[in-house]
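Here is a protein chain to be read through a short series of questions. Please look at the sequence and the model before going on.

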Amino acid sequence: MTALHDTDGAPVIIGGGIAGLMTALALAPQPVTLLTKAPLGFEASSVLAQGGIAASIGADDKVSLHLADTLAAGDGLCDDDVAAAILAAAPAAIEELVRLGVAFDREVNDRIVLGLEAAHSRRRIVHAGGDATGRGIIRALASKVYETPSITVIEATTARRLVVEDNAVTGLLGDTDRGPVLFATDRVVIATGGIGGLFLHGTNPAGSFGQGLALAARAGAGMADLEFVQFHPTALDNGSFPLKLISEAVRGEGAIIVDEKGQRFMADVPGAELAPRDIVARAVWRHMAAGHRVFLDARNVRGLDFARRFPTITALCREAGIDPVTQPIPVRPAAHYHMGGISVDKSGRTSIDGLWACGEAACTGLHGANRLASNSLLEAAVCGSWVARDIAATASIGRRRPEPRPDRGADRSDPASVRPILSRAAGVLRDGEGLRAAAHTLYPLAISQHAASDPAMVGLMIVIAALRRQESRGAHGRTDFPDHAKLARRSTLRLDDALQTARDYAAEPVA
């Protein structure tokens, strides 16, 4: 029996990461309901973020330089206007986070410390707690949310399906610890994070498999740039799941990448270890494929007190039996960030009335084909506030209350069977044959009532988008199409189109 929960016109936010929390706080004192699978700060990718937030607040920096670096990393696919607007909002976002209680690292003169990361031309990375930035931000924001009387937090709740009539949201079906509940609302925000849990080697929580994309896609929303999955080149290679991240900031401080023989195999690559992530990830991937092991070596960095600068990474390494001060750190590429997602405009609106998205689940066009380091937390903070502003200006219109209806899907979602398929076909390097084989395998799972249905559906859309992009650009590397196409074009996709394409492939014999 599905219970009915009337929100009295209040919007519902799905997700307890930075994007969801910022949206809820920015809406205050307007009432809002926040749904989260776990207590705030748990099972959110945001809390794992080590690097920081990029903001052009240094004396030698300006927005135009930050924009130039972002566009260069994005490899021709950034939305220039959106990127310029988000990056221009970065200094104010830092000030707002400070107002909300985030304690950023400061020098003795109280000036915010700025770090350097790959593909940035200036020191502009703002940290909290050294390499525990995500944790510091989430802790402060979660505390504020719990203190805010206008925000109703409902934990242990999984969003299952959007109820949509005439391309407009009328409700949201969720599973709670008391059974299925239909939340009657005509304004929903998806802030569910990324898809790293779809891969065997990923840095996101295991439950991050694109739940928000599945919600939006099944409701008919348009997707954008789904083929672009960023693989972080330096995850701790110790067999854990998910893998622990060794932040880009370690390379920013001077660490180098070597193999088991001590060879610095990226020395001749433009930018070397500080080249854009897609370039570093492919170089590491190819070296591993040739039979080598790969390490991050910070032992000879002058003036670096590793344990003090990177306390979280030091603890992670020592838990794995590695002393990063005296030993090189074993690393490998891992799925880390999804540049693609639910297609939104600058206000976070999707193609469905009453549905917004922000954070990693959304695709604004900021990142293009390859995200610049530390632009993601910035996007979550800025766009969460923008979504709130747009919702506040969009009154509930009191659409007809939806009738409780059964969800014919599986009782729970489990991406385990999808991981090896997507890892093999849509990893750092791809080819048409492998992608077609993956579509052939994922399609029956996606249309089933199996626990893998939603993860398989998201994986299938990624595979179809990757098949359609017959070029290599940014994080999308095709060995059968190694060059750029002459014209840089963003991609769009709807679930119906992906399923039809997959049916066409399913009718063909697999090589």
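The questions below go through sheets, a helix, several loops and one buried charged residue.

Q: What kind of model is this, and what pLDDT must local features have?
A: Residues are numbered from 1 along each chain as its sequence is written, and side-chain values use heavy atoms, with hydrogens and water left out. This is a predicted model in which totals for chains, interfaces and linings use all residues, side-chain atom pairs count only at pLDDT 80 or more, and local features need pLDDT of at least 70.

Q: Which strands are at the edges of the five-stranded open sheet?
A: Helices (H or I, at least four residues) and strands (E, at least two) are DSSP runs, numbered from the N terminus, and two strands pair if DSSP finds at least two bridges between them. The five strands run in the order β7-β3-β2-β11-β18, with parallel pairing. The strands that pair on one side only are β7 (151–154) and β18 (355–357).

Q: Which residue in β3 stands opposite Ile-14?
A: β2 and β3 pair in the parallel sense over three bridges. The residue of β3 opposite Ile-14 is Leu-35.

Q: Why is one side of β19 and of β20 left without a neighbour in the sheet?
A: Four strands form an open sheet of mixed pairing, in the order β19-β17-β12-β20. One side of each is free because β19 and β20 (492–493) stand at the edges, each with a single partner strand.

Q: What angle does the direction of helix α6 make with that of β17?
A: Strand β17 (residues 341–343) pairs with β19 in the parallel sense over two bridges, and Ile-342 stands opposite Ala-362 in β19. Helix α6 (residues 211–218) packs on this sheet and touches β12 (223–224) and β17; contact means heavy atoms within 4.5 Å. Axes are lines fitted to C-alpha atoms, for helices over the stretch in contact, and angles run from 0 to 180 degrees between N-to-C directions. The angle between α6 and β17 is about 35°.

Q: Which residue in the turn of the β8 and β9 hairpin has a positive phi?
A: Strand β8 (residues 158–165) and strand β9 (residues 168–176) pair in the antiparallel sense over seven bridges, with Leu-162 opposite Leu-172. Two residues lie between the strands of this hairpin, and the one in the turn with a positive phi, about 50°, is Asp-166.

Q: Is Asp-8 buried or exposed?
A: Asp-8 is in the loop between β1 (3–6) and β2 (12–14), and its phi is near 55°. Buried means under 20% relative accessible area, exposed over 50%, and partly exposed in between (1.4 Å probe, protein chains only). Because its relative accessibility is 72%, Asp-8 counts as exposed.

Q: Is Ser-374 buried or exposed?
A: Ser-374 is found in the loop between β19 and α11, with a phi near 70°, a positive value in a residue other than glycine. Since its relative accessibility is 5%, Ser-374 counts as buried.

Q: What is the nearest side chain of opposite charge to Arg-371?
A: Arg-371 lies in the loop between β19 (362–363) and α11 (375–392). Lys and Arg count as positive and Asp and Glu as negative, while His and the chain ends are not counted. Arg-371 is buried but has no salt bridge, that is, a side-chain nitrogen of Lys or Arg within 4 Å of a carboxyl oxygen of Asp or Glu. The nearest side chain of opposite charge, 6.4 Å away, is Glu-248.

Q: How far apart are the C-alpha atoms of Ala-388 and Leu-27?
A: Ala-388 is in helix α11 and is buried, with a relative accessible area of 2%. Not counting residues up to four places away in sequence, Ala-388 touches Thr-23, Ala-26 and Leu-27. Ala-388 and Leu-27 are 361 residues apart along the chain, and their C-alpha atoms are separated by 5.3 Å.

Q: Which residue follows α10 and has a positive phi?
A: In helix α10 (residues 311–319), the buried residues include Thr-312, Ile-313 and Leu-316. Among the elements that cover the buried residues of α10 are α5 (133–147) and β16 (329–338). The residue after α10, with a phi near 80°, is Gly-321.

Q: What is omega for the cis peptide bond between Phe-241 and Pro-242?
A: Pro-242 lies in the loop between β13 (229–236) and α7 (248–252). A cis peptide bond joins Phe-241 and Pro-242, with omega about -5°.
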